[in-house]
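Visitor: I should be grateful for a close look at a single part of this structure, the packing of two helices within one chain, together with its surroundings.

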Amino acid sequence: MFRFFLRRVALTLPTFVALMFVTFVAVRLVPGDPIEARTGERGIAPERLAMLRHDLGLDQPVWQQFLHYANGILHGDFGVSIVTKTPILHEFAILFPATLELAFCGLIFAIVLGIPAGVIAAVKRGSIFDHSVMTVALAGYSMPIFWWGLLLIMFMSEYLGLTPVSGRMDLINYYFEPVTGFMLIDSLLSDQEGAFGAAVAHLILPSIVLGTIPLAVIARMTRSSMLEVLSEDYVRTARAKGLSPLRVVGLHALRNALIPVVTVIGLQTGTLLAGAVLTETIFAWPGVGKWLIESISRRDYPALQGGIMLISGIVILVNLIVDLLYVAINPRIRHGG
Amino acid sequence: MADDPVLNATAAAVPADALVETVPPEVSPLRAFWSAFSENRGAVLGLAVVVFITLLAIFAPVLALHSPIEQFREHVLLPPVWAGGEWAFPFGTDAVGRDVLSRLIYGARISLGIGLSVMLVSVAVGIVLGLAAAFLRGIVEVVVMRVMDLVVAIPSLVLAILVVAVLGPSLTNTIVAVTVVYLPRYVRLVRAAAMAELSKEYVVAAQVAGVGRLRLMFVTVLPNCLAPLIVQAALGISDAILEAAALGFLGLGAQPPTPEWGAMLADSREFIRSAPWIVTLPGLAILVTVVAINLMGDGLRDALDPKLRRS
Amino acid sequence: MPLLSIRNLSVTFATGRGPFKAVDGVDLDVEAGELVAIVGESGSGKSVAMLAVMGLLPWTAKVTADRLSFDGQDLATLTPRERRKIIGRDIAMIFQEPMSSLNPCFTVGFQIREAMAAHLDLSRAQRQARAVELLELVGIPEPVRRLKAFPHQLSGGMSQRVMIAMALACRPKLIIADEPTTALDVTIQAQILDLLLRLQSESGVGLVLITHDMGVVAETSQRVCVQYAGQQIEMQTTRGLFRDPHHPYTSALLAALPERAHGRLLPSIPGVVPGLADRPKGCLFSPRCRFATDTCRTVPPPRANAALGHALCHTPLVDGVPRAQEIAA
């Protein structure tokens, strides 16, 4: 178990180094000089340019620049935003809770709906319910979520007036200092009446939009995994003990069927963060996805570089945890069987 | 839904020894494929829609009533016919008076074009890299597979954004970006399939017979890896279309006035209230196309590669 | 009143190629404490018939019977809930594949105690004590430690012992053992069979032993029922069956036993069990029968009387010679 853990961690390290390399090279490849990008079209005196270049270390050989960059990252220095002049890690840390909150709610939505739908579809295979679940899953899997978000806004917000159009909070009626950065928790801590409800209302549509593709994936995976497990001998053994169908399906079958589903859920982190870019753009959600897109239009390359580095790093980390978790829930691997 | 419930349920339910298989008469592989494929109603429906959209794309100049970029300034934000518009603009017009239907038809060209180009390039590169990794082993395999691991680790859209940010937003760069994102699937698939084949006797036999390495790679082994590759390629088209539309929507893909479906949606955002049709129609076009390709791909998978059956 | 009484049991599967009758008109009585064997080739429907008794067939199977009663209760008319009270408590089943019949995600102890929790009014500690006792009973050393093991940590023979312990957990009146030794190593087969026989004689539980091994039948059972292609073709005492088989199929099966073979070649039965597509019109065994006549090939055979082993045959054998049956039966 411990050796497996070490091996898995060791496999992750080269990926991290390569990631640093890629982000480093990518930004060097961007056409135009970073100083000129900063000074704009006004021009700059040659001696001042040389000084700036020296300050940024641009006069050093490229490999030294890379080592400098890698060393900075290892010490938590992801560079400084050109636009806001604040450290990128700091900006990211402020915005990331918003993305995390959204991704978490989206995933909960997907799991809470997807697993039961998949289980029931498998148990009632061939039924109308099964067909409906599979049709909806196909549509969800194929959904351009940016359009889905616009449709929901159009119908739920504009037409029915049920949910807010955008943002995380109704800032006209409520104001409170961020404590945790998670609006659901901060609104409760603020003790302002209705603040929590407002936070929930803002979360509903973005969560649905972000959770749609994971929902489809989870429902499909649960169904096929369940179908496979339900024909296993041990399910027949459980039934032969005279256990209730609920216990046979919900305990004996589901416990086994969930093993691949948990892996698939873990692998949705990348999908969720990629989806967050789109969802946050549609709903003006102040998270790292929207920030990333904005840093492109502002030509804030250090922010783009650091942001991609951080987001990818998080995905790699979560995938690592999922792999270890997979071992933990699967006794066959846990005991080296 | 993709498979006949009664038939499959029975196959799973009846103890294997209770049914004695009757040997089917010999049929050509193509005919066998078609009979397996056409059994799946969803797949046939998907195929029909794909053919329809392909025809629209090919004959866009003939079928479209107007140029996709011509602005009819006197007909701005005209609603579709069913909402009181004019027959000259069946699906209405957008904010600068361009015919929505014509733009959608031309958009099919772009989306299918992107999907196909991405698929062809990534399949070709994937075959070369995958076979190289499987045959050459050693450092080549390590480098190729580690790079693929890295590409997979970065969220798809974020990676595409990085590529576009470096190369600049354009239709061509969209294709490059999406190809990079989806390359690992093909490389991994080809490598895994080739490795599985390499351990079989016919490969050893060919080696003993003195077949050259290149011939062994592309003529002896590759054809036996094709079934999962074709399935993945079909499903890859739909993913590429979605990814490219997302880039277009973010303003990082096709640039105005190109009638790309994602970019059309981006333009429409401010008209959510006033002109719902220019929001609804391009997205519907994307959804229908992607669903159709996925249905077809699922059917292909079930017919070509029963091992991969998801259910 | 026998413990288990079955009359005219049929099971039909709905398949893509039409209905398939896996079990066709089976009768069986098992007295309390009796050991009855059911023999037949793969595909003869012997497992399916017993799964029907347990109510473990999938929904694609349609079960019909004139009588299907256990311990005086009509299984066919019970609600699923009432039936589950009997299944696992009074009737238990042991399966062919011990390794895959145990749930890989739960410990052995959990799976044994679960059956008790479902049916018996025992405290947690009592269940644990009984589980330890059961493992000792089936000959597993270090029972307390083994209860904490996961199934993949056990060998096939060990798993089958656990399955037997599980079946015994609620002190059943009847155990159905479906080829309990087929999947095991030859050396283990005898051990498991001996264990089953010992437990059966000690506890006086009724045992239905499904097998394809005539040798096992000879060693173990008091009565035997032979099935072919879903039909019950002969039933009589084990001793009678081995001395004077009345159905040509039984006779051929016995002739195929190595210890009974004369000459250098082991006799075999040509052909295979008919499937869905090639079911003969008359007697299902007629295409493979040495004694088949035109009548056999066109008219379904009648059932002979008890003296002729209830043989399903136009010309049951007496001392190895076919004899025309009076249509009195």
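Guide: What follows begins with the chain that holds the helix pair, turns to the pair, and then moves outward.

The model is predicted. Chain B contains 13 helices and zero strands, so from the N terminus on its elements are helices alone, in the order α-α-α-α-α-α-α-α-α-α-α-α-α. Of its 311 residues, 47% count as buried. Among the contacts in chain B with a separation of 6 or more, 71% join residues 24 or more positions apart.

Two packed helices are described by the angle between their axes and the distance between the axes. In chain B, helix α5 (residues 100–136) packs with helix α11 (residues 226–249) at an angle of about 130°, and their axes are 8 Å apart. α5(B) is therefore oblique to α11(B), since angles over 145 degrees would be needed for roughly antiparallel. The crossing of α5(B) and α11(B) is right-handed.

On the α5(B) side, the contact is formed by Ser111(B), Ile114(B), Gly115(B), Leu116(B), Val118(B), Met119(B), Ser122(B) and Val123(B). They meet Leu229(B), Ala233(B), Gly236(B), Ile237(B), Ala240(B), Ile241(B), Ala244(B) and Ala245(B) in α11(B). Taken by class, the residues of this contact are twelve nonpolar and four polar, with no charged residue.

In the loop between α11 and α12 (261–268) of chain B lies Pro257(B). The peptide bond that leads to Pro257(B) from Pro256(B) is cis, with omega near 5°.

Chain B also touches chain A, in a contact that takes 46 residues from chain A and 38 residues from chain B. Elements of chain A that give two or more residues to this side include α1 (2–29), α9 (195–230) and α14 (301–329). The residues on the chain A side divide into 32 nonpolar, ten polar and four charged.

For chain A, an unreviewed UniProt entry carries the annotation "transmembrane region" over several stretches, among them residues 94–123 and 303–329. In the model, residues 94–123 of chain A are 100% helix and 0% strand, with the end C-alpha atoms 45 Å apart. Residues 303–329 of chain A are likewise 100% helix and 0% strand, and there the end C-alpha atoms are 38 Å apart.

One backbone detail of chain A completes the view. Ala284(A), in the loop between α12 and α13 of chain A, has a positive phi near 50° although it is not a glycine. Ala284(A) is exposed, because 12 other C-beta atoms lie within 10 Å.

Terms used:
Residues are numbered from 1 along each chain as its sequence is written. Chains are lettered from A and ligands numbered from 1 in the order in which they are written. This is a predicted model: local features need pLDDT of at least 70, side-chain atom pairs count only at pLDDT 80 or more; totals for chains, interfaces and linings use all residues. Two residues are in contact if their C-beta atoms, placed from the backbone, lie within 7 Å. Helices (H or I, at least four residues) and strands (E, at least two) are DSSP runs, numbered from the N terminus. Ala, Val, Leu, Ile, Met, Phe, Trp, Tyr, Cys and Pro count as nonpolar, Asp, Glu, Lys and Arg as charged, and the others, Gly among them, as polar. UniProt positions are given in the numbering used here, feature names are shortened, and annotations may be inferred rather than shown by experiment. A residue is buried if 20 or more other C-beta atoms lie within 10 Å of its own, exposed if 12 or fewer, and partly exposed in between; C-beta atoms are placed from the backbone. Axes are lines fitted to C-alpha atoms, for helices over the stretch in contact, and angles run from 0 to 180 degrees between N-to-C directions. Angles under 35 degrees count as roughly parallel, over 145 as roughly antiparallel, 65 to 115 as roughly perpendicular and the rest as oblique. A crossing is left-handed if the near helix is turned anticlockwise from the far one by less than a right angle, and right-handed if clockwise.
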